[in-house]
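Hi,

Here is the structure I promised you. Have a look at it first, and my notes follow underneath.

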Amino acid sequence: MQRNLNREAHLWYTITSPEYMDRAFDHLQEAFDVFMPCVERHPFIVDYAPVPRGGERMEHLLETYDNARALLVQGEYDEMLRWGGYLENTPRVFEEGNMSWMDGKAESFMRKLEKAYSICSEFGIAVTNSQMYTSDGYKTHTKDWRICVPEDMGIAGDRIARNHEKDIYLDIYPERPAEIPEYAVDKSISCKTGEIVPWTGVWVPATGMGTAALAFARQGIQIMQPAYEVTFEDPEDGSQAFELVETTWHPVRPTGHMVPLPPPEPDEGEDEDRDRLRCPAGQSCPQTGYWMTPAKEDSRRMFKQGDVMPDLDSNYGATIWQWDVAQE
């Protein structure tokens, strides 16, 4: 894929924005609006543990969103990260039990709830790297980030456009936008890996995009991260190897102009996207077929689109299901 600064910077700014999280709130509200009439029709169901637990969680999330959003507008991301994390754990409450009492509305309810989950997950992924570099020990150089920060955090290389673009635009726009803001590198400001970040926003390595992703960094609360250079990508399953490179970064700012959004390239077609599909445990299966996960040996199995991908709870770490390119 041809790297494009405007394309990737706009995606980074989009998924870290209050407007993006507004869509998670909207989907949560829609799910709640499906849930409550079902509860009211079956008063006895309030004694069924998942119902009061899940209902209270959703009510709490709806009541606390405005505060988290107001802080996010002011550049404080922690409360929204907590809000999103709480929402991400909410679908699991309902997955634990029988939902036949919802009178055929369970699928619609879960679809809306999982859509809210998906948006929170994208937001969390985009901000996680920033969060990893906030330790006071890093700022005082009494703690070494090279030892403590996992190498596979965040979105690497051009994956934000290659694997995330389609869903992100569908989350906000009724259709893929024809134009996006133009962005330019501000070389008057520099920040080296390990220095305190002087400005909140998207940054690019001074050496250019190359095989490294752009970075989202926050003023004052973190040290600048290294560049996550992709050194190897498996052509079959899309898995990547990284090298953390200490470098100098520059901010990427909007110019105030609009430019055409590059169209999807041939290698972004449905077949190619499907070959690279991945799905974390707890999310809905995006494509019917055989999937497998490195979290467990002999894990290959069939899932139908919409199935909730299971968490294998292994010592490997997070359960990430990968589309098996050998579907026969």
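I started with the cysteines: searching the whole structure turned up zero disulfides. C279 is a case to look at, since the nearest cysteine sulfur belongs to C285 and sits 6.3 Å away. A disulfide here needs the two sulfur atoms within 2.5 Å, so C279 is in no disulfide. C279 is also buried, with a relative accessibility of 2%. C191 counts as buried too, at 1%.

Please keep in mind that this is a predicted model. How confident is the predictor along the chain, going by the mean pLDDT? The mean comes out at 85, and 90% of the residues reach 70 or more. Among the chain's elements, strand β2 (residues 191-192) has the highest mean pLDDT, 98, so C191, by its number, falls in that strand. At the other end of the scale is helix α11 (residues 270-275), whose mean of 43 is the lowest. Around there, the pLDDT is below 50 over residues 267-276. That stretch still has 19 contacts in the model beyond near neighbours in sequence.

One more residue, towards the start of the chain: N6, which lies in helix α1 (residues 5-15). Is N6 buried or exposed? With a relative accessible area of 16%, N6 falls under the 20% cut-off and is therefore buried. And what does N6 touch, leaving aside residues up to four places away in sequence? The list is I180, P181, E182, Y183 and V259.

Cheers

Note on methods: Residues are numbered from 1 along each chain as its sequence is written. This is a predicted model: local features need pLDDT of at least 70, side-chain atom pairs count only at pLDDT 80 or more; totals for chains, interfaces and linings use all residues. Side-chain values use heavy atoms; hydrogens and water are left out. Helices (H or I, at least four residues) and strands (E, at least two) are DSSP runs, numbered from the N terminus. Buried means under 20% relative accessible area, exposed over 50%, partly exposed in between (1.4 Å probe, protein chains only). Contact means heavy atoms within 4.5 Å. pLDDT is the predictor's confidence in each residue, from 0 to 100.
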